[in-house]
Amino acid sequence: FVHVGLNDASPSLLPAHTAAAAAATYSSSLCFRLFDADAHMLKALANTTIQVMVGVTNEQLLGIGQSPSVAAAWINQNVAAYVPDTNITAIAVGTEVLTTIPHAAPILLPALNNLHKALVATNLNFKVKVSTPHSMDIISRPFPPSTAIFNSSWNSTLYQILQFLKNTNSYFMLNAYPYYGFTQGNGIFPLDYALFQPLSPLKQIVDPNTLYHYDSMFDAMVDAAYYSIAALNFSTIPVVVTETGWPWNGGANEPDATVKNAETYNNNLITRVLNNSGPPSHSDIPINTYIYELFNEDGRRGPISEKYWGVLSTNGSAIYPLSLGGPGQTLGNSTGLFCIARAGADTDKLRKGLNWACGDGHANCAAIQEGHPCYYPDTTENHASYAYNDYYQRMHSVGGTCDFDGTATTTNADPSYGSCAFTGSSNSTAGLSPAAFGPVSPLMGGRSDMLYPEFGVVILGIMLHLFS
């Protein structure tokens, strides 16, 4: 099944109940990861089959690690208050703590223990697992995987964390980004290797010690984590990938951040994860995975690519089709219908409908502005058709209609023309124009400065940040 993770980061996003309902339409067995424990999302996810991972933010870590009573209060407020109506199954404690805020390392294990004890006190410890996400940067030599080891400066801390995970029957959380492994790898590995694409016989990636063939960098990263864990004499702790993905847009110095590469990576990732096998060293353990992320984050700092990891824009429109592994489980225009202005409709009503779609309806109307591909013909009917359809494509799955006071109608005919591609068209690279131009990761690592909360098969998950 597929986990969908949600990022909790901007007031411009859809309302929580709409975001939850939108994601829920794509699978009856989704899993969400929230970077925090957003009350609106937790309420919106009640009475569903969706599994939810909530998060303790880095800012909350100190208080929870220092005080069992603070940890108990956090569990009571953010977990016990919602279970069993909301199916909370895991808590991610902090984000890449050892590599982003190393001074907080001494408090990480106490925080894990205090939260687990609070779960025991509420009789939720068998239902809700506790762990902490790590960057690939804690692994000093990730390739070849068989010689991978953790950075020795963290051995004592990681040993204690692994002992905790073993004792509580939890799992090791890893943020693995082949995008960074490729773009910061100085040309060592081919792009196809990062994108799960077939490699030619001359470019096969083989571990010289085990002779294991690695068909993807993703598998090699996960195996590097398993070998690093084994180097500390632990063998029964599964690895869950809590973040991975590929940006679809970037700056002039980020040529590999493209729609094509992002679509290729995420769809191939889903195919890979859903085959229910693990990496070569642990082929019998499926790689539970969360995709980063559901929505773009226009407000992120850093390189341009940091804003464009989402499979949906901030107005809810699909950037590219994403198959979640089952019939009807596709983000994008799966109906084949388009919503356009009804011929002969009253001009004043059309203008009101157009203004609403581009305003309160949050349609992306950039393409019908002067100088953009859908501006001509410069008529109210043409502009309304584009805006109506953009709204309909992102909202019909959660009850949005194609009516607009009787001025709209649906059609099977693709209304795109020339260079103007309507949202949902198979001729559109993204189905929309970007509405605008976030954390930066070091080599082979995860995203180092997570500022916002997120929701994220097997486990295959997509993360959604709800901006608050």
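In the predicted model, Val56 of strand β3 stands opposite Val93 in strand β4. The two strands, β3 at residues 51-56 and β4 at residues 87-93, run parallel and are joined by six bridges. Strand β3 also pairs with strand β2, which spans residues 31-33; this pairing is again parallel and extends over three bridges. Within it, Cys31 is placed opposite Gln51 of β3. Strand β3 thus has pairing partners in both β2 and β4. Five of the six residues of β3 are buried, and the strand is accordingly described as mostly covered. Between β2 and β3 the chain passes through helix α2, residues 39-44, and these three elements make a right-handed β-α-β unit.

Residues of β3 and β4 recur in the analysis of nonpolar packing. The largest nonpolar core contains 101 residues, of which Val54, Trp74, Val79, Ile91, Val93 and Phe172 touch the most other members. Helix α10, residues 217-231, supplies the largest share of this core, with ten residues. A second core, separate from the largest one, has 23 residues, among them Ala363, Tyr386, Tyr392 and Phe404. In soluble globular proteins, nonpolar side chains tend to be buried together. The surroundings of Val54 may be set out in detail. When residues up to four places away in sequence are not counted, Val54 is in contact with Leu34, Asp36, Ala37 and Leu42, and also with Trp74, Val79, Ile88, Ala90, Ile91 and Ala92.

Several positions show backbone geometry that merits separate description. The peptide bond from Val83 to Pro84 is cis, with omega near 10°. Pro84 belongs to the loop that connects helix α4, residues 68-80, with strand β4. A cis peptide bond is also present between Tyr376 and Pro377, where omega is about -5°. Pro377 is placed in the loop between helix α12, residues 347-358, and helix α13, residues 380-395.

Positive phi values occur at two residues that are not glycine: Leu211, at about 65°, and Phe404, near 50°. Leu211 lies in the loop between strands β8 (205-206) and β9 (213-214). Phe404 is located in the loop between helix α13 and strand β15, the latter covering residues 408-411. The accessibility of each residue can be given alongside its backbone angle. Leu211 counts as exposed because its relative accessibility is 60%. Phe404 counts as buried because its relative accessibility is 13%, which is under the 20% cut-off. Phe404 is, in addition, one of the residues of the second nonpolar core.

The count of disulfides comes to three. When the bonded cysteines of the protein are numbered in sequence order, their pairing is 1-5, 2-3, 4-6. Cys339 is joined to Cys402 with an S to S distance of 2.0 Å. The torsion about this S-S bond is about 85°, so the disulfide of Cys339 and Cys402 is right-handed. Because Cys339 lies in strand β14 (residues 338-341) and Cys402 in the loop between α13 and β15, the pair ties together parts that are 63 residues apart in sequence. Both of these cysteines, Cys339 and Cys402, are buried. The loop between α13 and β15 therefore holds Cys402, and Phe404 is found in that loop as well.

A further disulfide is formed by Cys358 and Cys365, whose sulfur atoms are 2.0 Å apart. The link of Cys358 and Cys365 is left-handed, with -95° about the S-S bond. Its two ends are described by separate accessibility values. Cys358 counts as partly exposed, at 31% relative accessibility, whereas Cys365 is buried, with a relative accessible area of 8%.

The remaining disulfide joins Cys374 to Cys420, with an S to S distance of 1.9 Å. Its torsion is about 105°, so the bond between Cys374 and Cys420 is right-handed. Cys374 is in the loop between α12 and α13, while Cys420 is in the loop between β15 and β16 (460-465), so this pair ties together parts that are 46 residues apart in sequence. Cys374 and Cys420 are both buried. The loop between α12 and α13 contains Cys374 and also Pro377, the residue that follows the cis peptide bond from Tyr376.

Notes: Residues numbered from 1 in each chain as written. Predicted model: local features only at pLDDT ≥ 70, side-chain atom pairs only at ≥ 80, totals over all residues. Heavy atoms only, no water. Buried < 20%, exposed > 50% of the residue type's maximum accessible area, 1.4 Å probe, protein only. Helix = DSSP H or I, 4+ residues; strand = E, 2+ residues; numbered from the N terminus. Pairing = 2+ DSSP bridges. Right-handed = clockwise from strand over helix to strand, strands pointing away. Core = buried A, V, L, I, M, F, W, Y, C linked by side-chain atoms within 4.5 Å. Contact = heavy atoms within 4.5 Å. Disulfide = S-S within 2.5 Å.
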